[in-house]
Amino acid sequence: MELQLQYFLLLAAALFCLGIYGLITSRNAVRVLMSIELLLNAVNLNLMGFSNFIDPIGIKGQVFTVFVITVAAAEAAVGLAIVLSIYRNRDTIDMEQFNLLKW
Amino acid sequence: MDLAQGVQFVSFVILSVMMIGSALGVVLLNNIVYSAFLLGGVFISMAGFYLLLNADFVAAAQILVYVGAVNVLILFAIMLVNKREDFKPITNRWIRQGATALVCLGLFALLGTMVLVTPWSIYSGTAVLGEGSVVEIGKHFFSDFLLPFELASVLLLMAMVGAIILARRDFIPESLVPRDTSETEYSTLPERQRQLTSVGGESQKSTR
């Protein structure tokens, strides 16, 4: 039983679909941010799989993964700060009630 | 990594079960604190996958950044917005959830067929860097990926300053708040008005 590239890609696809499901259906704003982290992790797993199986000499996929991790950290910090300030102003974290920009 | 094939396969199966189960818990559980801890489980199993894929440096970075920073940040955010609120029920919510699940399953089927049908050009040599991956990543960072590397550092600085400014409470002293001029402009935005009154009042009470 040798590990194939397809196993990792299928697993990343499953994680990506779970993340999209959580992103759309969850009503807690913090849970939406957690789902975004799941999406970014699925993309990272894809990049690492390609880096190991297709380009093991000049491991560019790992470099891109490090960049994605950096951007994900920045996104989490700013997103949680936005959630915090929305909570202070509206006194709720229900995604259905964030309708300031609705006409 | 120099593990036998069977060991690799068994650990792959264990890690994938752990990851999918934790991700299901993150999405489906009602208590958000459990979701946050299970998110840490997802990150740790992802680091295990990176070890299986001969990337020890990125596995360490994953543990440090995700489990050590992002997960703790999420837990702090949950603590700061700690409010037990029962969301108002929405009529026909199950239709939305069912439609979303259907779309996600369709997307998974699409991606799965794409993955299985595409002939990947697998590298057939035996060159595995293993220990030398850190050296290779460092060479990439300082030669052909130098500009994105520096841009990432600037992005981190901007995100830090932006997060501080967004999350900071504005304590506006009483003497500096103009009474007559800008009050009407602010009053068109309900948030700003509310923040000025409630937060300022609380700070006055708490400090004295």
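A salt bridge is a side-chain nitrogen of Lys or Arg within 4 Å of a carboxyl oxygen of Asp or Glu. Keep that in mind, since A:Arg27 and A:Asp94 make one, with their closest N and O atoms 2.7 Å apart. Everything below is about a predicted model, so read it as a description of that model.

## The pair inside chain A

Let's stay with A:Arg27 for a moment. Its place is in the loop between α1 and α2 (29–53) of chain A. Where is its partner, A:Asp94? A:Asp94 lies in the segment after α3 (60–90) of chain A, so the pair ties together parts that are 67 residues apart in sequence.

Is A:Arg27 buried or exposed? Residues under 20% relative accessible area count as buried, and A:Arg27 has 9%, so A:Arg27 is buried. A:Asp94 comes out at 2%, so A:Asp94 counts as buried too. The two side chains are also joined by a polar contact of 2.7 Å.

A:Arg27 has neighbours in both chains. Leaving aside residues up to four places away in sequence, A:Arg27 touches A:Ile93, A:Asp94, A:Met95 and A:Glu96 in chain A, plus B:Phe87, B:Lys88, B:Ile90 and B:Arg93 in chain B.

## The pair between the chains

How many salt bridges turn up over all chains? A search of the whole structure finds 2. Across the interface of chain B and chain A, the rule finds 1. That one is formed by B:Arg96 and A:Glu96, whose closest N and O atoms are 3.0 Å apart. B:Arg96 lies in helix α4 of chain B, while A:Glu96 is in the segment after α3 of chain A, so this pair joins two chains.

What about cover? B:Arg96 has 44% relative accessibility, so B:Arg96 counts as partly exposed. A:Glu96 is partly exposed as well, with a relative accessible area of 34%.

Here are the two salt bridges side by side.

| Residues | Closest N and O atoms |
|---|---|
| A:Arg27 and A:Asp94 | 2.7 Å |
| B:Arg96 and A:Glu96 | 3.0 Å |

## Chain B as a whole

Now zoom out to chain B. What is its secondary structure made of? The tally is 8 helices and 0 strands, so to speak an α-α-α-α-α-α-α-α run from the N terminus on. Of its 208 residues, 27% are buried. Take the contacts in chain B with a separation of 6 or more: residues 24 or more positions apart account for 52% of them. The accessible surface of chain B is about 13400 Å², and carbon and sulfur atoms hold 69% of that.

## Where chain B meets chain A

The size of an interface is often given as the accessible area lost when the parts come together. For chain B and chain A, the buried area is about 7600 Å², with carbon and sulfur atoms giving 76%. Which three residues supply more than any other three of the area that chain B buries against chain A? They are B:Val27, B:Leu53 and B:Val81, which together supply 9%.

Counting residues, 85 of chain B are in contact with 74 of chain A. There are also 10 residue pairs in polar contact between the two chains, counting pairs with both residues at pLDDT 80 or more. The elements of chain B that give two or more residues to this side are α1 (5–28), α2 (32–52), α3 (56–80), α4 (93–117), α5 (133–142), α6 (146–167) and α8 (190–207). By class, the side of chain B that touches chain A has 58 nonpolar, 16 polar and 11 charged residues.

## Two residues to look up

Try finding A:Leu11, which lies in helix α1 (residues 5–25) of chain A. With 10% relative accessibility, A:Leu11 counts as buried. Leaving out residues up to four places away in sequence, A:Leu11 touches A:Leu45 as well as B:Phe12, B:Ser16, B:Met19, B:Ile20 and B:Phe49. The C-alpha atoms of A:Leu11 and A:Ala42 are 8.1 Å apart, although 31 residues separate the two along the chain.

Then look for B:Thr100 in helix α4 of chain B. B:Thr100 is buried, at a relative accessible area of 9%. What does B:Thr100 touch, not counting residues up to four places away in sequence? The answer is A:Tyr21, A:Ile24 and A:Thr25.

Methods: Residues numbered from 1 in each chain as written. Chains lettered and ligands numbered in written order. Predicted model: local features only at pLDDT ≥ 70, side-chain atom pairs only at ≥ 80, totals over all residues. Heavy atoms only, no water. Helix = DSSP H or I, 4+ residues; strand = E, 2+ residues; numbered from the N terminus. Buried < 20%, exposed > 50% of the residue type's maximum accessible area, 1.4 Å probe, protein only. Contact = heavy atoms within 4.5 Å. Areas by Shrake-Rupley, 256 points an atom, 1.4 Å probe, with all protein chains shown as cover. Buried area = accessible area lost by both parts, 1.4 Å probe. Polar contact = N/O pair within 3.5 Å; in protein donor to acceptor, adjacent residues only side chain to side chain. Nonpolar A, V, L, I, M, F, W, Y, C, P; charged D, E, K, R; others polar.
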